[in-house]
Every structure is written in structure tokens, then in C-alpha cells.
Amino acid sequence: EWNNWREENPDEPVDLSGADLSSADLTDANLRDANLAGANLTGATLFCAILIRANLTGANLNNANLIRVNLMIADLSGANLNNANLGDAMLNNANLTGANLSHTDLSYIALSDADLTNANLLGANLTDSELKNANLTNADLCNVNLTNADLSNSNVTKTILTGCDDWSVKMYQRTPETNGNWKFTETSNQTICKLVNMSWNCSRT
């Protein structure tokens with residue numbers, strides 16, 4: 001049993017760099033701190049796997065099942081996650097610089113403080129995702145679904161919308177209601193703005 005061995009040998013290095021793990025079933029696997037740089041994980045199942053601080057630089061995760069995976073503080077720079085499913089995954093503080101996340105399901109994902117510099121998010125689904133303090137510098141967000149996404153304090157400097165047909169930005173202020181909830185109303189005053197809604201259309205696929 002892999003996970004039992006990992007519990008008994010938590011400090012033993014796991015080097016799977018360049019390994020062919022395509023279509024492998026790694027459900028619930030404990031791969032904390034593992035070296036998977038350049039590994040082929042095409043179509044692999046990593047449902048609920050633990051990959052905290054794992055090295056996945058340049059790994060191929062095309063069409064992989066990464067639902068509820070824990071990739072906090074992991075290094076996925078240059079990784080290919082095209083068409084992968086990362087729904088409800090945890091990638092807080094992860095390094096995704098230059099990663100290919102095109103057409104990836106990132107709904108309900110936690111990406112707070114993640115680095116997505118130069119990442120390709122073309123056509124990705126970020127519905128209800130959390131990207132607080134995330135770095136999206138030069139990231140490609142064409143045709144991304146950001147419905148209910150939280151981009152509070154995120155860096156969108158030079159975020160790429162090349163090929164977009166149109167885009168709009170609306171600012172909202174908030175006022176407390178008697179029932180304890182907040183009411184959001186549109187405003188043009190930046191000093192009282194508490195929510196920014198950006199929307200755009202893009203014909204590029």
C-alpha cells in the first residue's frame with residue numbers, strides 16, 4: 001500500500017521525474033514533495049491526491065482528472081494541463097507560470113496567491129473560483145468564464161485579451177442591509193468601489 005509506505009517513510013525522496021504514468025489511477029495517492037518533473041500523466045486519475053510542494057515542472061497532465069487534488073505550493077511551471085479537470089482543487093501559492101490551462105475546468109478552485117504569469121487560460125472555466133492575490137500578469141484570459149470568481153487584489157497587469165471582440169468593466173459599491181447581507185449597486189466612484197465585474201467576448205478559440 002503506497003500511502004502506508006509514505007506514512008512510514010515521510011522523508012524518503014520520491015523521484016518520478018520523466019516517468020510514464022499516462023492513464024494511471026492515483027486516486028488518494030500521497031505524493032507530497034514528490035518529483036514529477038517532465039512526467040507523462042496524460043489521462044491519469046489523481047482524484048483527491050495530495051501533491052503539496054510537488055515538482056511538476058513541464059509535466060504533461062492533458063485530460064487528467066485532478067478533481068479535489070491538493071497542489072498547494074506545488075510547482076507546475078510550464079506544465080500542460082490542457083482539458084484537465086481541476087474542479088474544487090486547491091492550488092494556493094502554486095507556481096503556474098507559463099502553464100497551459102486552456103479549456104481546463106477550474107471551477108470552485110482555490111488559487112489564492114498563485115502565480116499564473118504568462119499562463120494560457122484560453123477558454124478555461126473559472127466559475128466560483130478564488131483567485132485572491134493571484135498574479136495574472138500576461139496571462140491569456142480570452143473566452144474565460146469568470147462567473148462569481150473572486151479576483152480581489154489580484155494582479156492583472158498586461159493580462160492578454162487579444163482577439164476579444166468587446167469587453168466592459170463595471171464597479172459596484174456595497175451597503176449593509178437589515179438582514180445582515182450586503183447590497184451591491186453600480187458606482188463610478190473608484191474610492192468606494194468594493195467589487196469589479198469584467199466581461200468580454202472573444203471569437204478566438
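**Note on the predicted model**

1. Cys48 has a relative accessible area of 26% and is therefore partly exposed. The model under review is predicted, and this residue deserves a comment on its backbone. Cys48 is not a glycine, yet its phi is positive, at about 60 degrees. Most residues other than glycine have a negative phi. Cys48 is placed in the loop between α1 (2–8) and β1 (164–176).

2. A second residue calls for a similar remark. Asn93, again not a glycine, has a positive phi of about 65 degrees. Asn93 is found in the loop between α1 and β1. Its relative accessible area is 44%, so Asn93 is classed as partly exposed; the class of exposed residues starts over 50%.

3. On confidence, the protein chain has a mean pLDDT of 89, and 91% of its residues reach 70 or more. Among the elements, α1 has the highest mean pLDDT, at 90. The lowest mean, 66, belongs to strand β3, which spans residues 195–202.

4. The secondary structure of the protein chain consists of one helix and three strands. Read from the N terminus, the order of the elements is α-β-β-β. The radius of gyration is 19 Å, close to the 17 Å that the globule rule gives for 205 residues, so the chain is as compact as a globular protein of that length. Along the principal axes, the C-alpha atoms fill a box of roughly 60 × 40 × 20 Å.

5. Burial and contact range complete the overall description. Of the 205 residues of the protein chain, 41% count as buried. Among contacts with a separation of 6 or more, those between residues 24 or more positions apart account for 12%.

6. How is Thr104 held in its surroundings? The side chain of Thr104 has a polar atom 2.6 Å from the backbone oxygen of Leu81, and the side chain of Thr104 also reaches the backbone oxygen of Leu101, at 3.0 Å. Thr104 is found in the loop between α1 and β1. With a relative accessible area of 1%, Thr104 is buried, since the limit for that class is under 20%. Leaving out residues up to four places away in sequence, Thr104 touches Leu81, Asn82, Asn83, Ala84, Leu86, Ala124 and Asn125. Leu81 thus appears both as a polar partner and in this list of contacts.

7. Leu56 also has its place in the loop between α1 and β1. At 2% relative accessibility, Leu56 counts as buried. Its contacts, apart from neighbours within four places in sequence, include the leucines Leu36, Leu41, Leu51, Leu61, Leu71 and Leu76. Ala37, Asp75 and Ala79 are in contact with Leu56 as well. The C-alpha atoms of Leu56 and Asn35 are separated by 6.8 Å, while these two residues are 21 residues apart along the chain.

8. Thr117 is another residue of the loop between α1 and β1. Its relative accessibility is 17%, and Thr117 counts as buried because that value is under 20%. The side chain of Thr117 makes a polar contact of 3.2 Å with the side chain of Asn135. Asn135 is also listed among the residues that Thr117 touches, with Leu96, Thr97, Gly98 and Thr137, when residues up to four places away in sequence are not counted. Between the C-alpha atoms of Thr117 and Ala74, 43 residues apart along the chain, the separation is 15 Å.

9. Asp140 is found in the loop between α1 and β1. Is this acidic side chain buried or exposed? Asp140 is buried, with a relative accessible area of 12%. As to its polar partners, a polar atom of the Asp140 side chain lies 3.1 Å from the backbone nitrogen of Cys142.

10. Two remarks on aromatic rings close this note. The structure holds one aromatic pair. In addition, Arg174 lies over the face of Trp182, and the distance to the ring centre is 4.3 Å.

Terms used
Residues numbered from 1 in each chain as written. Predicted model: local features only at pLDDT ≥ 70, side-chain atom pairs only at ≥ 80, totals over all residues. Heavy atoms only, no water. Phe/Tyr/Trp six-rings, centres within 6.5 Å; stacked < 30°, edge-to-face > 60°. Lys NZ or Arg CZ within 6 Å of the ring centre and 35° of its normal. Helix = DSSP H or I, 4+ residues; strand = E, 2+ residues; numbered from the N terminus. Buried < 20%, exposed > 50% of the residue type's maximum accessible area, 1.4 Å probe, protein only. Polar contact = N/O pair within 3.5 Å; in protein donor to acceptor, adjacent residues only side chain to side chain. Contact = heavy atoms within 4.5 Å. pLDDT = per-residue confidence, 0-100. Rg over C-alpha atoms; globule rule 2.2 N^0.38 Å.
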